[in-house]
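Okay, thanks everyone, I'll keep this short. Let me put the structure up, and then we'll walk through it together.

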Amino acid sequence: MTGLVHAPDNPVPELAEALVFDGPRKRTVRMMYAPAPSRHGQPRGTVFVCPGRTEFIEKYFEVARDLQARGFAVAIFDWPGQGLSDRFLPDRLAGHVDRFETFVDTFRMGVDQLGARAPEPHVILAHSMGGGIALEALRTGAVLADAAAFSAPMWGIKLPPLGGFIARVLRGFGQGAKPVNTPGPETFENNSVTHDRGRWEVQQSLLRRNPALALSAPTWGWIVASLDVTARFKAPGALDGVQCPVLTASAGEEKLVDNASHEIVCAALPKSTHITVEGAYHEILMETDEKRDQFWTAFDALLDKAGI
């Protein structure tokens, strides 16, 4: 089943539909497309939403509604290996990828799939791992955009000492598809992604309605692939070709990605604005209204800067 998962506490964006297409290696990829509501006049453009690791389309319904209210059409991806797209491994809960080019190719193919249905200008809104995917797509020219906004992007990952070395050794010995750990159950009290109980409960409700959406720990292969792609961002001149205006929002109480990498990447981007949402956990777009509003204010300023 690849349709959209409905829940009363998570309204579906207006006129949204689930689409599927053949991604890399003919794996089925799920995408949502929601046009700009006609009451806002001519479409303002299309925002391509790139979720993070473990995430799925339905988690971004509120974000899509916020973007539609701004006059945009919206496309959201389930990356290969998560959501209701085809998984890589028999163990559906293992968060795996062979290399980030698979994600980037999926992004490019999804944009191509929509074609003229996605009115220009095109804007990217990417969170966490989606930020790594989107920046690599922009860096390589696989996807073009007129502006890009990043929420707590994964441009560096936090690992214990020798963690990267261990991951490469284990992958080299054929253990790349093995999860790095078995995480315990998450509760609102021990979560590290949001201070907003209501938005946290929405995700739990969706997972109860369709357990196939769930994803657990990353594999050693995912760790290596992530290290490889984030290393490319730091090479001299690597980001010179990313000429669109870029907004980066870091979470003040970040516990998952490396905020220091944001400083490095933002300094290398030609047209960069960097803010920190103080007091926010990792999922800024799923945070309390006050913290989300800080992001949206900066996002609207980005659009003004880009002339959108």
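So, to start us off: how many bridges join β2 to strand β4, and do the two run parallel or antiparallel? There are four bridges, and the strands run antiparallel, with β4 covering residues 72-77. If you want a pair to look for on the screen, take Ala34, whose bridge partner in β4 is Val74. And before I go further, please keep in mind that this is a predicted model.

Let's stay with β2 for a moment, since it pairs with another strand too. Strand β1, residues 17-22, is joined to β2 by six bridges, and that pairing is antiparallel as well. Here you can look for Glu17, which stands opposite Tyr33 of β2. β1 and β2 form a hairpin with five residues between the strands, and Arg25 in that hairpin has a positive phi, near 60°.

Now, why do I call β2 largely enclosed by the rest of the structure? The strand covers residues 28-34, and six of its seven residues are buried, so that description follows. Buried, for us, is under 20% relative accessible area.

Next, a single residue: Glu136, which you'll find in helix α3, residues 129-140. Is Glu136 buried or exposed? Its relative accessibility is 4%, so Glu136 counts as buried. And what is Glu136 in contact with, once we leave aside its neighbours within four places in sequence? The answer is Val104, Val229, Arg232 and Phe233.

Okay, zooming out to the whole chain. We've got eight helices and eight strands. The C-alpha atoms fill a box of roughly 55 × 45 × 40 Å along the principal axes. For 308 residues you'd expect a radius of gyration near 19 Å if the thing were a compact globule, and the chain comes in at 18 Å, which agrees. As for burial, 56% of the 308 residues count as buried.

If you look at contacts with a separation of 6 or more, 79% of them are between residues 24 or more positions apart.

Last bit, the surface and the charges. About 12,500 Å² is exposed, with carbon and sulfur atoms supplying 53% of that. On the charge side, we have 31 positive and 36 negative side chains, and the centres of those two sets lie 5 Å apart.

That's me done, so let's open it up for discussion.

Technical notes
Residues are numbered from 1 along each chain as its sequence is written. This is a predicted model: local features need pLDDT of at least 70, side-chain atom pairs count only at pLDDT 80 or more; totals for chains, interfaces and linings use all residues. Side-chain values use heavy atoms; hydrogens and water are left out. The radius of gyration is taken over C-alpha atoms; the globule rule is 2.2 Å times the number of residues to the power 0.38. Buried means under 20% relative accessible area, exposed over 50%, partly exposed in between (1.4 Å probe, protein chains only). Contact means heavy atoms within 4.5 Å. Accessible areas come from the Shrake-Rupley method with a 1.4 Å probe; for residues, only the protein chains shown count as cover. Lys and Arg count as positive and Asp and Glu as negative; His and the chain ends are not counted. The place of a charge is taken as NZ of Lys, CZ of Arg, CG of Asp or CD of Glu. Two strands pair if DSSP finds at least two bridges between them.
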